[in-house]
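Hi,

Here is the structure I promised to pass on. Have a look at it first, and my notes on what turned up are below.

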Amino acid sequence: MSDVWRNWAGNEEARPRRIRRPADTEAVAEAVKAAVRDGLRVKAVGSGHSFSAVAVAPDVQLRLDGLDALHAVDPGTGLVTVGAGMPLWKLNPLLAAHGLALENMGDIDRQTVSGAISTGTHGSGIRFGGIATQVRALELVLADGTVTTCTPTERPELFAAARVGLGALGILTRVTLQTVPLFALHARDAAMPAAETLERAQELADTHDHFEFFWFPHSDVTLTRRFERLPGDTPLAPIGAFSRRLDEAVSGPGFEALNRIGTRFPRLVPPITRFAARAMSSRTWTDHAYRIFASVRDVRFHEGEFAIPREHAVDALREIRRWVDTHEEPVSFPLEVRFAAADDIWLSTAQGRDTCYIAFHQYHRMPYRRYFDACQRILGEHGGRPHWGKMHDLDAARLRPRYPHFDDFVALRDALDPAGVFANPYLDRVLGPAPEGRS
């Protein structure tokens, strides 16, 4: 077993002093108690798909891939209980076999259930919240090694906080999700002039079940994606095997090659991205939702993302584009823009407001700091809240005014984990140190 852990993007790593792979809740509790006895901190890790250091474990790393069982399925109510280490790519076919599906998903399915909800992973659709809004019960191991359960009626404050808990309140071991009957999506990808997309963005978000778009800042073309929900027994017309392999070749090795050229010759990035934008194809297809929501991402990148009130989306995008143009910044990946519903989870990026998510990326071999700083500043001026699993440098002082329940969350963290058993440098920065860690 390697003693060096790295996240998917390769920008974060850890050399934990102790690695454990618990097989059940009791083993998690014992690992926490042992760490406390030895004066060590504990962090659970899933698939490593966060770009931030939220899951970095300086002392004891719990790898939860052994907690991947399907514990209970009730097709009548749609309630499903799974181990916290269950990856989404494994969960979706299991649900489909029971005629069920997650109500909404993000565009990657590599995350574990616990990682996805703890960092606020979301999809698109103004009538749908993030994955955490589908949670109906959580089982956690607390900092003293005890096991507790929270629901809307049992420890409701903990439930309000722990659905997007950043790993700061306890180690998730089981999650009960509210699923829906299996459904299909009719998907339509269409290229559209950027000016028209910006002009119609709010209308398109309102008139489609799910709407998002991708925009290379150096181009005048967007790829718009529109999904309509259909019954699960709808005749399917999926992308053919040849077309799928071609897509994977173009978006994988082909895009990798273009990015390597752009890394070596940055002046070529704008024409390369304009070529990539023109190559984005228009098409329609129908398949079960989980096969459409998630896509393959083989080319590695760095990513930041901020959630802003949806009414500010167009102004913010125009400001980012203006900054790129006036600073001659080579940006080789598109901006990704999605819309989602408000929710009531304390540290959710959509708490209390309908939201536009704007994600900015850069190829992992290219400089990103100046571009990411500019996006963070621009989106912050529009009330931006950073995705907890993506890159940003905000601290507790700057985050507090962006979340009405920030102090409630920190107070609960301080009560449950005063010694900072579940802390790490990232959580110390974004929440402030636990009480016994303060000078």
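To start with something you can check on screen: which residues lie nearest the centre of the second largest pocket? They are V45, G46, S47, L64 and D65, out of 13 residues that line the pocket. Please keep in mind that this is a predicted model, and the values in this email are computed from it. The second largest pocket has a volume of about 150 Å³, and its lining divides into four nonpolar, four polar and five charged residues.

Next, the parallel sheet. Three strands make up this open sheet, in the order β3-β5-β4, with parallel pairing. β3 (18-20) and β4 (42-45) are at the edges with a single partner strand each, so one side of each has no neighbour in the sheet. On average, neighbouring strands here are turned by 25° against each other, direction ignored. Between β4 and β5 (residues 60-63) there are four bridges, and the two strands run parallel. If you want one pair to find by eye, V42 stands opposite V60 in β5. Helix α1 (residues 25-37) packs on this sheet and touches β3, β4 and β5. The direction of α1 makes about 175° with that of β5.

α1 turns up again at a second sheet. There the helix lies across β9 (135-141), β10 and β11, and runs at about 45° to β9. This second sheet is open too, with five strands in the order β6-β7-β11-β9-β10 and antiparallel pairing. Its edge strands are β6 (70-74) and β10 (147-150), each of which pairs on one side only. Neighbouring strands are turned by 15° against each other on average, again ignoring direction. Five bridges link β7 (residues 79-83) with β11, and these two run antiparallel. Here the pair to look for is T81 with its bridge partner T176 in β11.

Now for the enclosed space. As a reminder of the idea, rolling a probe the size of a water molecule over the atoms shows where empty space is left. The count comes to five cavities of 30 Å³ or more. The largest cavity has a volume of about 620 Å³. It is lined by 45 residues, and S50, S114, G115, A116 and T119 are the closest to its centre. Which elements give two or more residues to that lining? They are β4, α3 (113-118), β11 (171-178), β17 (301-309) and β18 (335-340). The largest share, four residues, comes from α3. Sorted by class, the lining of the largest cavity has 16 nonpolar, 21 polar and eight charged residues. Two strands from the sheets above, β4 and β11, are thus both on the list of contributors to this cavity.

The second largest cavity has a volume of about 80 Å³. Of the 17 residues that line this cavity, G120, G130, D343, S348 and Y357 are the closest to its centre. Its lining has eight nonpolar residues, eight polar and one charged.

Further along the chain there is a set of antiparallel pairings around β15 (residues 221-231). β13 (residues 183-193) pairs with β15 over 11 bridges, in the antiparallel sense. In that pairing A184 stands opposite L230 in β15. β14 (residues 210-215) also pairs with β15 in the antiparallel sense, here over six bridges. F211 has R226 as its bridge partner in β15. A hairpin of five residues joins β14 to β15.

Last, the salt bridges. How many does a search of the whole structure find? The total is 32. One of them is between E203 and R200, where the closest N and O atoms are 3.0 Å apart. Both residues lie in helix α5 (residues 194-207), three residues apart, about one turn of the helix.

That is what I have for now. Happy to go through any of it with you.

Cheers

Key:
Residues numbered from 1 in each chain as written. Predicted model: local features only at pLDDT ≥ 70, side-chain atom pairs only at ≥ 80, totals over all residues. Heavy atoms only, no water. Pairing = 2+ DSSP bridges. Axes fitted to C-alpha atoms, helices over the stretch in contact; angles between N-to-C directions. Contact = heavy atoms within 4.5 Å. 1 Å grid on protein atoms, 1.4 Å probe; cavity = no way out; pocket = protein on both sides within 12 Å on 5 of 7 lines; lining within 4 Å. Points joined across faces, edges and corners; volume = space filled by probe spheres on them. Nonpolar A, V, L, I, M, F, W, Y, C, P; charged D, E, K, R; others polar. Salt bridge = Lys/Arg side-chain N within 4 Å of Asp/Glu carboxyl O.
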